[in-house]
Amino acid sequence: MTPMAIAQLGEPVLRQPAQPVPDPRDPAIRTLWQRMLVTMEQAGGVGIAAPQVFEPLRLMIIASRPNARYPDAPQMDPVVLINPEIEHTGGESVSFVEGCLSVPGIRGRVWRPNEVTLRYLDTEGQPQRRTLSGFPARIFLHEFDHLEGRTFLDQVNSPDDLIAQSVWERQCQGA
Ligand SMILES: [Zn+2]
């Protein structure tokens with residue numbers, strides 16, 4: 001399965017609210033998330049949302065695992081979330097320097113709630129409810145923003161919270 005092109009900042013699809021998936025079991029939807037999974041893994045991401053591959057649909061994958069971009073990420077199996085909804089968020093507000101496959105070269109410090117309870121349909125169309133905390137909660141909220149036509153750039157408090165990838169890497173190595 002070949003990876004898909006990843007929409008980069010400035011593409012209109014990243015600014016448009018995504019539409020619900022009518023039928024999670026549609027073979028075209030299955031092919032879409034399978035290809036998104038390959039695309040995410042090849043790009044070294046820990047999550048991906050359908051608008052990032054030019055499909056304005058409410059579908060995302062979250063897949064926390066340690067890799068070069070996120071060395072301290074916890075390991076979890078990839079989860080495909082279709083038509084996700086936030087039931088509530090909770091916990092402390094915590095900050096983390098996020099990156100995005102659609103925003104090359106720049107990271108930004110973003111404050112988000114540490115816990116989120118969500119509802120979604122799985123790949124069989126079954127309703128699921130789940131509470132995520134820590135890094136997986138952050139990935140979910142980051143990807144959920146993509147479904148609403150937002151990126152992490154909309155969530156930084158100030159331009160001072162933006163940092164070049166190369167500078168971030170240097171600072172991490174120094175830490
Ligand atoms: Zn992103």
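Among contacts in the protein chain between residues at least 6 apart in sequence, what share joins residues at least 24 apart? The share is 65%. Keep that in mind as you look through these views of a predicted model.

**Figure 1. The whole chain, with its three helices and six strands.**
Walking along the sequence, you meet the elements in the order α-β-β-β-β-β-α-β-α. The radius of gyration is 15 Å, close to the 16 Å that the globule rule gives for 175 residues, so the chain is as compact as a globular protein of that length. Taken along the principal axes, the C-alpha atoms fill a box of roughly 50 × 35 × 30 Å. Of the 175 residues, 34% count as buried.

**Figure 2. The largest nonpolar core, a set of 38 residues.**
If you would like some landmarks, pick out Met36, Ala50, Met60, Ile61, Ile62 and Phe140, the residues with the most contacts inside this core. At least two core residues come from each of helix 1 (27–43), strand 1 (47–49), strand 2 (59–62), strand 3 (79–100), strand 4 (103–121) and helix 2 (135–147). Helix 2 is the biggest contributor, giving six residues.

**Figure 3. Met36 and the residues it touches.**
Here we zoom in on one of the core residues with the most contacts, Met36. Leaving aside residues up to four places away in sequence, Met36 touches Met4, Ile48, Ala50, Val53 and Ile61. Two of these partners, Ala50 and Ile61, are themselves listed with Met36 among the core residues with the most contacts.

**Figure 4. Strand 3 and its pairing with strand 2 and strand 4.**
Strand 3 pairs with strand 2 in the antiparallel sense, over four bridges. To find your place there, look for Leu59, whose bridge partner in strand 3 is Ile82. Strand 3 also pairs with strand 4, again in the antiparallel sense, and here the pairing runs over 13 bridges. A handy marker for this second pairing is His88, which stands opposite Thr117 in strand 4. Strand 3 and strand 4 form a hairpin, and two residues lie between them.

**Figure 5. Arg30 in helix 1, beside Thr123.**
Arg30 belongs to helix 1. Is Arg30 partly exposed or buried? Arg30 counts as partly exposed because it has 13 C-beta neighbours inside 10 Å, and the buried class begins at 20. Along the chain, Arg30 and Thr123 are 93 residues apart, yet their C-alpha atoms are separated by 7.4 Å.

**Figure 6. Phe54 and Asn83, two residues with a positive phi.**
Most residues other than glycine have a negative phi, so these two deserve a friendly second look. Where is Phe54 found? Phe54 sits in the loop between strand 1 and strand 2, and its phi is about 65°. Phe54 has 14 C-beta neighbours inside 10 Å and therefore counts as partly exposed. Asn83, for its part, has its place in strand 3, with a phi near 50°. Asn83 is partly exposed too, because 19 other C-beta atoms lie within 10 Å, whereas a buried residue needs 20 or more.

Conventions
Residues numbered from 1 in each chain as written. Predicted model: local features only at pLDDT ≥ 70, side-chain atom pairs only at ≥ 80, totals over all residues. Core = buried A, V, L, I, M, F, W, Y, C linked by C-beta atoms within 7 Å. Buried ≥ 20, exposed ≤ 12 C-beta atoms within 10 Å, placed from the backbone. Contact = placed C-beta atoms within 7 Å. Pairing = 2+ DSSP bridges. Rg over C-alpha atoms; globule rule 2.2 N^0.38 Å.
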